[in-house]
Amino acid sequence: MAQVEATSERIVAGGAEAVFDALADYKDTRAKLLPGHFSEYQVREGGDGEGTLVHWKLQATSKRVRDCLLEVTEPTDGQLVEKDRNSSMVTTWTVTPAGEGRSRVVVTTVWNGAGGIGGFFERTFAPKGLARIYDEVLANLAAEVGK
């Protein structure tokens with residue numbers, strides 16, 4: 001089983017603290033950021049960063065739907081980590097200053113891929129598809145914090 005990784009990043013207008021706070025707000029803001037690939041969004045515990053437990057379904061392709069139950073931690077300043085209880089998937093959001101009133105947001109998701117020919121296709125196509133989905137999330141984040 002090889003590890004699969006997808007990464008996307010964007011420079012967003014807004015200070016790092018405000019951008020991080022928007023991402024960490026699972027109760028209100030996060031649901032607004034998610035494109036149509038996400039469904040059944042529900043905060044089950046917490047709702048603001050560390051200690052949040054959030055559920056959603058992620059439809060990466062027409063045939064591939066992941067049922068995600070994510071535990072949120074904040075291991076360091078400017079970083080949110082979402083660990084899926086239902087799989088090996090871990091998503092890390094990192095927000096750092098990027099000049100006057102701007103922030104760099106990097107999102108990286110890793111998981112243990114399948115073996116064999118299915119694993120080859122997963123390693124080849126899944127990172128690009130997931131990066132496109134997160135590009136949409138980051139565009140929505142930029143629009144939300146830029147209000």
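**Exercise 1.** In this predicted model, determine in which loop Glu-50 is found, whether Glu-50 is buried, partly exposed or exposed, and which residues gather with it in a patch of negative charge.

*Solution.* Begin with the position along the chain: Glu-50 sits in the loop that runs between strand S2 (38-45) and strand S3 (53-59). Next, take the relative accessible area of Glu-50, which is 48%; because partly exposed covers the range between under 20% for buried and over 50% for exposed, Glu-50 is classed as partly exposed. Finally, look at the surrounding charges: on the surface, Glu-50 gathers with Glu-17, Asp-21, Asp-48, Glu-74 and Asp-77 in a patch of negative charge.

**Exercise 2.** State how many salt bridges the structure holds, and then work out which parts of the chain are tied together by the pair of Glu-82 and Arg-30.

*Solution.* The structure holds five salt bridges, and one of them joins Glu-82 to Arg-30, with the closest N and O atoms 2.8 Å apart. Glu-82 belongs to strand S5 (residues 79-84) while Arg-30 belongs to helix H2 (residues 29-33), so this pair ties together parts that are 52 residues apart in sequence. As a last step, consider accessibility: Glu-82 has a relative accessible area of 1% and is therefore buried, and Arg-30, at 1% relative accessibility, counts as buried too.

**Exercise 3.** For the salt bridge of Glu-40 with Lys-57, give the distance between the closest N and O atoms, name the strands that are linked, and decide whether Glu-40 is buried, partly exposed or exposed.

*Solution.* The closest N and O atoms of Glu-40 and Lys-57 are 3.6 Å apart. This pair links distant parts of the chain, with Glu-40 in strand S2 and Lys-57 in strand S3, 17 residues apart. Glu-40 has a relative accessible area of 49% and is partly exposed, and Lys-57, with a relative accessible area of 24%, is likewise partly exposed.

**Exercise 4.** Locate the two residues, Glu-71 and Arg-85, whose side chains meet in a salt bridge, and explain why the pair ties together separate parts of the sequence.

*Solution.* The side chains of Glu-71 and Arg-85 meet at 2.4 Å, N to O. Glu-71 is placed in strand S4 (residues 65-73), whereas Arg-85 is placed in the loop between S5 and strand S6 (90-97), so the pair ties together parts that are 14 residues apart in sequence. To complete the description, Glu-71 counts as partly exposed at 35% relative accessibility, and Arg-85 is partly exposed with a relative accessible area of 47%.

How values were computed. Residues are numbered from 1 along each chain as its sequence is written. This is a predicted model: local features need pLDDT of at least 70, side-chain atom pairs count only at pLDDT 80 or more; totals for chains, interfaces and linings use all residues. Side-chain values use heavy atoms; hydrogens and water are left out. Patches are made of residues with over 30% relative accessible area and no salt bridge: like charges are joined within 9 Å, nonpolar side chains (Val, Leu, Ile, Met, Phe, Trp, Tyr) within 5 Å. Accessible areas come from the Shrake-Rupley method with a 1.4 Å probe; for residues, only the protein chains shown count as cover. A salt bridge is a side-chain nitrogen of Lys or Arg within 4 Å of a carboxyl oxygen of Asp or Glu. Lys and Arg count as positive and Asp and Glu as negative; His and the chain ends are not counted. The place of a charge is taken as NZ of Lys, CZ of Arg, CG of Asp or CD of Glu. Helices (H or I, at least four residues) and strands (E, at least two) are DSSP runs, numbered from the N terminus. Buried means under 20% relative accessible area, exposed over 50%, partly exposed in between (1.4 Å probe, protein chains only).
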